[in-house]
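Student: I am new to this structure and would like a close look at a single part of it. Could you choose one strand arrangement and take me through it step by step?

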Amino acid sequence: MTTRFFGAPVRRNEDERLLAGRGQFVDDIRLPGMLHAAFVRSPYAHARLAGIDPSRARAHPGVAAVYTATDLGEYWRPGPLIVPPPPVAGSVFNERTQVPLVKDKARHVGEPVAMVVAESRYLAEDAAALVAVEWDPLPVAAALEQAARPDAPRVHDDVPGNVAAHVRQQKGDYAAAANRAHRIIRRRYRYDHGASMPMETRGVVADWDSAAARLSVWDTTQAPIAIRNGLAEMLGLSERQVRVVAPFIGGGFGPKIMLFYPDEVLVPWAAMRLGRPVKWIEDRAEHFFSTSHEREQIHDAEIAVDAEGRILGVRDVFLHDTGAYDPYGLTVPLNSQCTLLGPYHVPAYDSTFTAVFTNKTLVTPYRGAGRQHGVFVIERLLDAAAHDLGLDRAEIRRRNFIPPNAFPYHNEIIYQDFEPLSYDSGDYAPMLDKALDLVGYGRFVTEEQPALRAQGRHVGIGVVCYVEGTGIGPYEGAKVQVQTSGKVSVLTGIGTQGQGHFTAFAQVVADQLGVEIADVEVITGDTDQFYWGAGTFASRGAVVAGNAVHGAAAAVRAKALATAAKHFECAPEDLVIEDGKVSVAGVPDHAIRLGALAALANPMRGAVAPGTEPGLEAVSYFGPESGATAAGVHAMIVEVDPESMQIEIRKYVVVHDCGTMINPLIVEGQVLGGVAQGIGNAFYEKLAFDDQGQLLNATLADYLLPTALEVPHVELAHTVTPSPLNPLGIKGVGEAGAIPGGPLFAQAIEDALGLPARGIHLDEIPLSPCRVWELAATNAGTE
Amino acid sequence: MIGRVRVRVVVNGVRHEREVEPRLLLSDFIRHELGLTGTHVGCEHGVCGACTVQLDGEPIRSCLMFAAQADGAAIATVEGLAPAPGELAPLQAAFREAHGLQCGYCTPGILMTLDAFLKAHPHPDEADIRAALSGNLCRCTGYQHIVAAVLLATRRNA
């Protein structure tokens, strides 16, 4: 098999449609007779619903229906628990999942209490303003630490202390490690809320065809198959009666997988009841309140080191804000707990977290999905240890790397896929060397920085390392089929939100079947096309679905060769498959096109031989035994204006290892996009809540996404350590770029301002010019 | 109750005339009245730039205007950029070449912004391009490949 396309920077198949404005997104679906939905939402973070009167709204011209919780009858029930708690002994988990419409009390601002369906969105919003809702405000559990107190207002009346979960995981003997330590360094770290803010908000369109008894749903989901299965169950339909399509999706980043959002439950139900298609498209304000957020955590962490800076152990106790409900289980805090261990040999680890319900929008994975928090803690602890011991920051990391001969490396604790945390492969020192070289670390520290300091300029450097568990199970599948036209179709169940699946999967197939990329049509996210699958999350699309595609393509190749061998009356080994045809080796005019082979394999007369199947088609599934561990190093040189605390990134370097790359151009795009989100997370983006649980900055003018002026040019390099866990040797890359921004900014800005020497540490994220100014102005004492 | 107003516009060279509510946003008019869904809506408060179209040659946010205000104007949307079906304009082709898009949702607005920018500034450097691009939010690419695409397009144009 030639590999013309695998590993090449192939231009994307999907781009032409998107560039011409012809990519179909959910809001582009237009159906005859379509109605439009709008929601009435709670203005309070915590309030009892004392009464609701939709009569004026119902009487409004153009209104088809107004639904409250009571109108839902038996259909009203809490949503499913998507991820159960991990099998960790002694764990506590209180399942409280979101509801379709508020029935008793609202638990966060923006929780829907009524749905209005009307002839246009404008009319639906007019009528929504006429729904009279009487609220009795309740005391609010807003700030994480306050919500965790035993006497805090209860988000769920039957859950004292708002404890959503409590999990302790241990490796080795931390107490013994601490006893032997040369130093123990303790710190408190805070990592505040952020939001994914895809440029396309969420949306759902549903159409019930009563004649065919079929429901069609277009949904901005990352997991269409799970939506189909859930809808069928909720609506009392067979899965075969429900088609869910995730067409082009304008960015996902995690929150578009939080099934089921109330709208995903209600819009299809309303379409069935009303006998007309219903569309709901979230507006940006709704997105701020109703699409899941991520990540406030507070860590009390300590690291025990020997005199050479080697880690003897880490202990961490943290609070995790899960928002008002916890349908996604403990994925985010488990990621934090596990990813803290990083690329380092940590012999003893004792980590305990408490997930806390608060009166805020629920928290589910967003790109990185809690990994950032763990990386922030370990990287900042290492910085503190390096400062304490007078060690170089890069050197302390190098000393603690897991050596290349230690793989597979077992970290013993349970990961988010409920398998013991294990790193399949890795080689970290070359990544660090490359990053230090690219950023000019040695020269900067010894020559440039002292010279700049002498000029009164504040320029600092940072270097941080991380691992990312990617490509977890359970499985994905793919069907590869040669059409009689010679075109090849590839069907998978995952959704796609810009990751280039239409191209990367085509590359895998094109090499196997000897066809051009443009002749491979990839269809994702349509449950009528492929039945099975889990979804696009956890940096797993290319790894899991990619390997399924590979398996199916290899099987089709074997079928094509067998069919051609029969046709030419030769052995399959004597055949060559290329340029869209199969030919006898050395006899190029003895050839048959793939499309003709597909027709031969599906005869209209005669018998298909026993044990064979018609057509050139195969289905394959791939389920990795555990996740593939990618890794990276980011380094940055930053100048800080000591008056305004505005920053200028002078250099940003990424060295990344995601194993074998299917398409380096797409990999680069994934990493660069991640870096931009990491920069936003580290320095610009903060969801600001007041003590009443009100979000104070719910516009894009106030919640600051980085623009082309804040995101610098990034130098990117790769090392390649293939994964032994899948035939293609690949590891996921979707989330990597976004993970280490926090500690990188904290370290580099600290260095620029010379803060550690003054005993001041930037131990929180996000930072901002204001916040850095406040922290730098404190008299934290001297060391 | 609410009256209707007449809107006459030329969009991508084609005349359209509609009676619409005065409050209808230009973005909704383009998308839902005319069915030109290549123009996307990202925030409806004028920050993200996804809905950018050209009004009499100037890039504007179609979510910040009423359709009624566009009466008599010539509008260009992303659907009008390519010279013919199945072809791409040089800027579009450069986006494909440089991987200047991922999910593609912000792309039409960015193309309409940059198309106008490049007409006024045919030879920009990277800093110019970043400044021109700074009113359009992209959550996928980190902008680097967009900048590369514009540089590629201007080199080819030189």
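Tutor: What follows goes through one group of paired strands in chain B and then turns to chain A as a whole. Please keep in mind throughout that this is a predicted model. In chain B, strand β1 covers residues 5-11 and strand β2 covers residues 14-20, and the two run antiparallel, joined by 7 bridges. One of the pairs can be picked out by name, since Val10(B) has Arg15(B) in β2(B) as its bridge partner. Together β1(B) and β2(B) make a hairpin, with 2 residues between the strands, and in that turn Asn12(B) has a positive phi of about 50 degrees. Strand β1(B) also pairs with β5 of chain B, residues 74-76, but here the strands run parallel and 2 bridges join them. In that pairing, Val11(B) is found opposite Ile75(B) of β5(B). As you follow a strand by eye, it helps to know that in a regular strand the side chains alternate between the two faces of the sheet.

For the wider setting, chain A contains 20 helices and 30 strands. Its radius of gyration is 28 Å, which agrees with the value near 28 Å that a compact globule of 783 residues would have, and its C-alpha atoms fill a box of roughly 90 × 75 × 50 Å along the principal axes. Of the 783 residues in chain A, 64% are buried. When contacts in chain A between residues at least 6 apart in sequence are considered, 80% of them join residues at least 24 apart.

Methods. Residues numbered from 1 in each chain as written. Chains lettered and ligands numbered in written order. Predicted model: local features only at pLDDT ≥ 70, side-chain atom pairs only at ≥ 80, totals over all residues. Heavy atoms only, no water. Helix = DSSP H or I, 4+ residues; strand = E, 2+ residues; numbered from the N terminus. Rg over C-alpha atoms; globule rule 2.2 N^0.38 Å. Buried < 20%, exposed > 50% of the residue type's maximum accessible area, 1.4 Å probe, protein only. Contact = heavy atoms within 4.5 Å. Pairing = 2+ DSSP bridges.
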